[in-house]
Amino acid sequence: MKKDCIQTTICQERKKDPIEMFHSGHLVKVCAPMVRYSKLAFRTLVRKYSCDLCYTPMIVAADFVRSIKARDSEFTTNQGDCPLIVQFAANDARLLSDAARIVCPYANGIDINCGCPQRWAMAEGYGACLINKPELVQDMVKQVRNQVENPRFSVSIKIRIHDDLTRTVDLCRKAEATGVSWVTVHGRTAEERHQPVHYEAIKIIKENMSIPVIANGDIRSLKEAQNVCHITGTDGVMVARGLLANPAMFAGYEETPLKCIWDWVDIALELGTPYMCFHQHLMYMMEKITSRQEKRVFNALSSTSAVLDYLTDHYGI
């Protein structure tokens, strides 16, 4: 956890906290937690293009609590990085509450990952297996609420759905009763990958909740985000791959504008983003605006200077 972090009390004086956003009556546009990708530099970029709320990549709470090295490598923030939610993978209420206490001065809230379908996560008792353990989820929420003194600090969950939707509604109601601030619903089961998103299921969950609900899954443009909100009645939308491909999508751009690419270069260089991450983001952003031959050349570049030369030669950046 880098020392350029600042306390959210300063952040909250400049921006509404997430709870207030959800009650504003406007669609809340959210950058999803993405391993390797939703780090400080990318969060800084999407905030320039109408993203309201950002999540960190998923962090394993046990490692975060036990290792200073893990804290320094996994969580970096700065004064402009708000509002911010830190997402944790956890299966132990005490470790999660300890992690929440560590990040509390530097973030607006934490999120419990109850939706990751990857085998390693589920084998460790993290992610989507937690949708089948509502009592454990309740215990983790209670422990964080008891340990973090700031009443404005949010505790949310991100889930997938069950084949039997009544179980999902039951999980969400129990979480709400325990003090969860909002629920993000990825509209697929843990077994589904590329199947169509069950937006009707998200709508049913929303109809059974009093707290805010965020819809997640296969949203690739602002128009789609607005349409999903209309279908589901949710308070916000969360986007992952759509933002990787077009970090300016929440501002209404159909494809990544050159100004956004330029902004990424400036931000990434200023924050010292490692080359592989810097280059990978550009590969995603330029997917729609480059030919197959141009992709072959650009994707093979191996240094920051080569990338800058390429962008200057081809786009005048």
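Contact here means that heavy atoms lie within 4.5 Å of each other. In this predicted model, glutamine 147 offers a small example of the term: once its neighbours within four places in sequence are left aside, glutamine 147 is in contact with Ser97 and Arg101. With the second of these residues there is also a polar contact, in which the side chains of glutamine 147 and arginine 101 are joined at 3.3 Å. Glutamine 147 belongs to helix H8, and because its relative accessibility is 32%, it counts as partly exposed. Tyrosine 126 stands 21 residues from glutamine 147 along the chain, and the C-alpha atoms of these two residues are separated by 21 Å.

The arrangement of the chain as a whole may be described next. The domain assignment divides the chain into domain 1, which covers residues 12-251, and domain 2, which covers residues 258-315. The C-alpha centres of domain 1 and domain 2 are 29 Å apart, and contact between them involves 14 residues of domain 1 and twelve residues of domain 2. About 1,100 Å² of area is buried between the two domains, and carbon and sulfur atoms give 73% of that area. On the side of domain 1, the residues that lose the most area to domain 2 are Tyr37, Ala41 and Leu45, which together give 39% of what that side buries.

The interface can also be described by its polar pairs and by the elements that form it. Between domain 1 and domain 2 the count of salt bridges is zero, whereas three residue pairs in polar contact are found across the interface. Two elements, helix H3 (40-47) and helix H12 (241-245), give two or more residues to the side of domain 1 that touches domain 2. Of the elements on that side, H3 gives the most, with five residues.

The nonpolar interior was examined in turn. The largest nonpolar core has 84 residues, and the members that touch the most other members are Phe88, Ile110 and Leu282. Helix H13, which spans residues 258-270, supplies the largest share of this core, with six residues. Because both domain 1 (12-251) and domain 2 (258-315) give residues to this core, it lies between them. Another core, of eleven residues, lies apart from the largest one, and its members include Val30, Ala32, Ile214 and Met238. The surroundings of isoleucine 110 can be given in detail: leaving aside its neighbours within four places in sequence, isoleucine 110 is in contact with Ile85, Val86, Phe88, Leu96, Ala100, Val103, Val144, Phe153, Ser154, Val155 and Ser156.

Charged side chains form a further set of links. Side chains of opposite charge can pair when their charged atoms come close. Across the whole structure, the search finds twelve salt bridges. One of them joins arginine 152 and aspartate 17, with the closest N and O atoms 3.0 Å apart. Arginine 152 lies in the loop between helix H8 (134-147) and strand E6 (154-160), while aspartate 17 lies in the loop between helix H1 (8-14) and helix H2 (18-22), so this pair ties together parts that are 135 residues apart in sequence. The two partners are set in contrasting surroundings, since arginine 152 is partly exposed, with a relative accessible area of 37%, whereas aspartate 17 is buried, with a relative accessible area of 4%. Asp17 and Arg152 are also linked with Glu20 in a network of salt bridges.

A salt bridge is also formed by lysine 174 and glutamate 135, where the closest N and O atoms are 3.6 Å apart. Lysine 174 lies in helix H9 (residues 165-178) and glutamate 135 in helix H8, so the pair ties together parts that are 39 residues apart in sequence. Lysine 174 counts as partly exposed, because its relative accessibility is 26%, while glutamate 135 is exposed, with a relative accessible area of 52%.

A further salt bridge joins the side chains of arginine 241 and aspartate 218, at 3.3 Å from N to O. This pair links distant parts of the chain, 23 residues apart, with arginine 241 in helix H12 and aspartate 218 in the loop between strand E8 (213-216) and helix H11 (222-232). Arginine 241 is partly exposed, with a relative accessible area of 41%, and aspartate 218 is likewise partly exposed, with a relative accessible area of 31%.

Conventions. Residues numbered from 1 in each chain as written. Predicted model: local features only at pLDDT ≥ 70, side-chain atom pairs only at ≥ 80, totals over all residues. Heavy atoms only, no water. Core = buried A, V, L, I, M, F, W, Y, C linked by side-chain atoms within 4.5 Å. Buried < 20%, exposed > 50% of the residue type's maximum accessible area, 1.4 Å probe, protein only. Helix = DSSP H or I, 4+ residues; strand = E, 2+ residues; numbered from the N terminus. Domains from an automatic or database assignment. Buried area = accessible area lost by both parts, 1.4 Å probe. Salt bridge = Lys/Arg side-chain N within 4 Å of Asp/Glu carboxyl O. Polar contact = N/O pair within 3.5 Å; in protein donor to acceptor, adjacent residues only side chain to side chain.
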